[in-house]
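Trainee: I've just opened this one and I'd like to learn how to read it. Can you walk me through a few features?

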Amino acid sequence: MTTQQGSRFFFNVDWITILIYTALCTIGFVNIYASLYNPETSAVFNFASNYGKQLIYIITGLIIGFSILLLDAKFFSVFSPIVYGITMLLLMAVLVVGRKVAGNQAWIPLGAFRLQPSELAKFGTALLIARYVGNFNPKFTDIKSIFFAGLIIGFPLLLIMLQPDTGSALVFLAFMFPLYREGLSGYFLLIFLGMIVLFIADFLVPAYILIPIIAAIGGFFIYQNRRKQKMMFSMIFATIIAIGYLFLVKVAYEKVLEPHQRTRIEIMLGLKTDPKGAGYNVIQSKIAIGAGQLTGRGFLEGTQTKYGYVPEQSTDFIFSTIGEEWGFMGCSVVIGLYVFLLLRVINLAERQRSTFSRVYGYCVASIIFFHVFINIGMTIGIIPVIGIPLPFISYGGSSLWSFTVLLFIFLKLDSNRMGFI
Amino acid sequence: MENLFNRKYIIQGLFIVIALILMGQLFYIQVASDRYFLSANSNVLRKKYTFPARGVITDRNSKVLVQNEPVYDLMVTPNLVKPFDTLALCRIIGIDMDGFHKRFNKARNQSRYQRSVFEKQLSVQTYAALQERLSRFIGFETQNRTVRHYPDSVAGQFFGYVKEVSDKDIEESEGYYRPGDYIGKSGVERQYNDVLRGERGVENTIYNARNVPQGSYLNGKFDTLAISGETLVSSLDIDIQKLGEQLLKNKVGSIVAIEPSTGEVLAFVSSPTYDPNLMVGRQQGNNYMDIFRSANRPFLVRPLSGYYSPGSSFKPLDDLIALQEGVIDPNTTFNCPGGYWAGNHFVSCEHVDGNISLRKGLARSCNTYACYVFQKLMTQKKFKNKTEAYDSWSAKVRKFGLGSKLDLDMPFERKGRIFTSEEYTKRFGKHWGYTTVISLAIGQGEMSATPLQMANIMAIIANRGYYIKPHLIKGIGEKKEVKKEYLIKNSVDIDASHFEPVIDGMQDAVNAPYGTARASAIPNILFCGKTGTVQNPHGKNHSVFVGFAPRDNPKIAIAVIVENAGFGGAYAAPIASFITEKYLTGKISGSRLAQSEAMKKVVVLPDVPKPKIKWAPKSADSAAKPVATLPASSENKIVPTKTTTIN
């Protein structure tokens, strides 16, 4: 009976996704082991060590995941406002009772564990966005729906910024993808992209060159639309905004960002080299990854890894271990697994009958995508150092469990795709 | 709806594009560029070098001339240093606190994590004192080095010296040298540097991020031991080298002795000289400047870069050419009325001998005879003109090694000078003839040679017509390998039979009662030679003697020059005879021993250039005090119509 009941629960579950999930967790464990491996002590497997702990996290993660599969699919939709509310309360609580670790007040101590509410806030927000879109079916063509969605996303983002944990806050920009999928104008994405490009250009190109270039491009479009008065005015407006933005960026950069964040950005843009200070992590990470060459040095053979040259290697910089010991081929496999997972989740999302499930699926894929892109980009020096973990691979219970919950809720929704929520 | 569904592909496409960007950067870091790979190695690997001992140099009888003494460099790794009693360290190594901070800051500026030299070349005594307390100076350690030691303190110019490599040396070595290595800068140390230097040993150690050693790299697969340099067997005989330096003490000049049958240089004396040990150790720089600034240029290696006219010592060579050309025979006589008229030049002799033959002409150094020989050579009927005659003559002279380098195995050899006919035409215009260049007959004028070349000419005469390239190193390494070029006989194209009449004359110069060097005869040995008293623009005549002994189966050929010492028979000849006797018999016999001791004490220094200070009193050559303990033979003199006197 139990088996039958079990098979009823796991019926329709997408085992391929679970397989990729397991593969990534295993890769994580192996590389955490290598990162922490000390050629002198080594040998005996030790549960008290961090790789031992990670094994426990993985096992409990799987238990949590399969427990979620046992829950009723309607649960998530129904309780999403409550989950969201709880996570927001936790985010507020952390500002009061949180423990400061490395300058960020992000952790709530809970006995032996430390709870990181910003991790929970991701799927809390994802659930509520999905619920909002599922219930009201907004097309994001009106200010009102954009405002509501922005409120749901912006509130946790703001609270996280207050910790301050810019990295985790940035991840909330991932929700632009599901909104885009549901009808948000592509201009928002383009404007967002344009803001990033202008931000970078602002540092690399002097203003006396940059402003004429923008003016010229703006002028071209204004001329193109000279017969359409409305378009012409929006173009004039956009050009002025763009130039104003440049000045705003400079001011905001100086006044809003912390000195260490400014340094990280400058190092990423190549404006500053500081091999012994803030740039040390990135340089050592690139050296370790580069040392792997095509095929890698082999498991436990990475000298940079073994002799502790990359700080925080088991957590945020775990990708440098993969790079050194498994080389370009290993890196390609990992990135390939992620891409496969992301495309799979999107495809699964599209086959949902309920909008709630689809939107939630997009949220899952986007959040994972942001983490992967920012984390790997940071270890190879194309993105400033932003301390967010590599999903399923980085050491740490909070992050592994929250990604597990995030993913398995979607798998539960998917297994129930024929039902109505 | 259909429209929005397509956005799926845009999002998925974005995921793929971003993934490709990441892979592109990864490909660049991992595969396309090896910069990071190399950085990884330099992160982890530290190379520790062990320095090889330079090769030992022995004399021809296997007596060690150069050996290595241990010294210790005090090294510091700045980041490991913990507070300690700096004053105690300063006291041990003999520096003050300022010096301490200077050295420490220098090391720290180089690298905090890498070892660098704190103080160089501590002596064994200092090292012993330091070693006792080294455990209290955390971050400091010592490193063994060796430096040269010359037990006999002789032959400074022969050895040259060794110095730490300069930036230029490092650049030119294309990666072989590293800062702190030693390199031979002159003399044999330079010439044979590649053989002497040995190979540096290296130990690759892995370090972790906190700079703690983690054991050897790949189990020492790339580690090597230091290999000492090869032993060199020099051709020098340390006994006569020492004697030569003693005899030339307080004189300026040079002695070169060669074993004719092998071309091995037996003595290589350049005076003034210096103790090679001065060019070793921490005082090297100061000592170098002291020697460099002292009088008469001790760093000038006179045997191969001192230029002297051979003077009368050239006459045997000219006679040999004449015999070969057939313009004279051993019995040819010329009338010597006490001089020779060459156009409007008058070359005088100090004697009036009437009819004089080759044998007596050499023994008495008759200028008239020499001039007639030269006249005959230059006026042979087979030549169309004087240019052809001169070119033919100078080519034959050059065969004897004059005017070109003998390719001695030492740096900075000079080639001497013989004019070409073009040079004469340039100087005198078209109208010059043998009378214009008659000085050449007596080894003066536009002719200069190094002492090495003069000794080599004697080796040629001793060998009756050939020489082997003179060299200072006769064997390299354990097998004592001899270079092939030192086995080749270089012929001068004079028939062996022509040598005996010339050698007769040279024998008489030393052994006949009328010889110019009769006071330098060696008991029981037929010492053959020729004196020269060389006019020069730097003051008094140079005293020159060239010779070889014994007459049959000669063992030594020698050239001695004592600058500004006057007659060849007065200084050069006795010095040559003492060295020859010592070499052949191992001692100096009878009353000659006392004479040689007296010669060691004689001071013959050229006039020191007067200081350019106006109030300085006009000094009459007070520095030059020739003490003629030996009777000088009557030397020949040319008295041209000009005011100069050529001897």
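Trainee: Let's start with helix 14 of chain B: how many of its 11 residues are buried?

Mentor: Keep in mind that this is a predicted model. To judge burial, count neighbours: a residue is called buried if 20 or more other C-beta atoms lie within 10 Å of its own. In helix 14 of chain B, residues 315–325, that holds for 9 of the 11, so the helix is mostly covered. Among them are B:Lys315, B:Pro316 and B:Asp318.

Trainee: What do the buried residues of helix 14 of chain B pack against?

Mentor: Their partners in chain B include helix 15 (358–363), helix 17 (386–399) and strand 22 (528–536). Just after helix 14 of chain B comes B:Gly326, with a positive phi near 80 degrees.

Trainee: Over in chain A, what span should helix 16 have?

Mentor: Work from the rise of 1.5 Å a residue: the 25 residues of helix 16 of chain A, 355–379, should span 36 Å, and the end C-alpha atoms are indeed 36 Å apart. Helix 16 of chain A is also mostly covered, with 23 of its 25 residues buried. A:Gly381 follows that helix, and its phi is positive, near 80 degrees.

Trainee: How many residues of chain B are in contact with chain A?

Mentor: Look at each side separately: 29 residues of chain B touch 36 residues of chain A. On the chain B side, helix 2 (7–32) and helix 3 (35–44) each give two or more residues. Helix 2 of chain B has the largest share, 16 residues. By type, the chain B side divides into 18 nonpolar, 8 polar and 3 charged residues.

Conventions. Residues numbered from 1 in each chain as written. Chains lettered and ligands numbered in written order. Predicted model: local features only at pLDDT ≥ 70, side-chain atom pairs only at ≥ 80, totals over all residues. Helix = DSSP H or I, 4+ residues; strand = E, 2+ residues; numbered from the N terminus. Expected span 1.5 Å × (residues − 1). Buried ≥ 20, exposed ≤ 12 C-beta atoms within 10 Å, placed from the backbone. Contact = placed C-beta atoms within 7 Å. Nonpolar A, V, L, I, M, F, W, Y, C, P; charged D, E, K, R; others polar.
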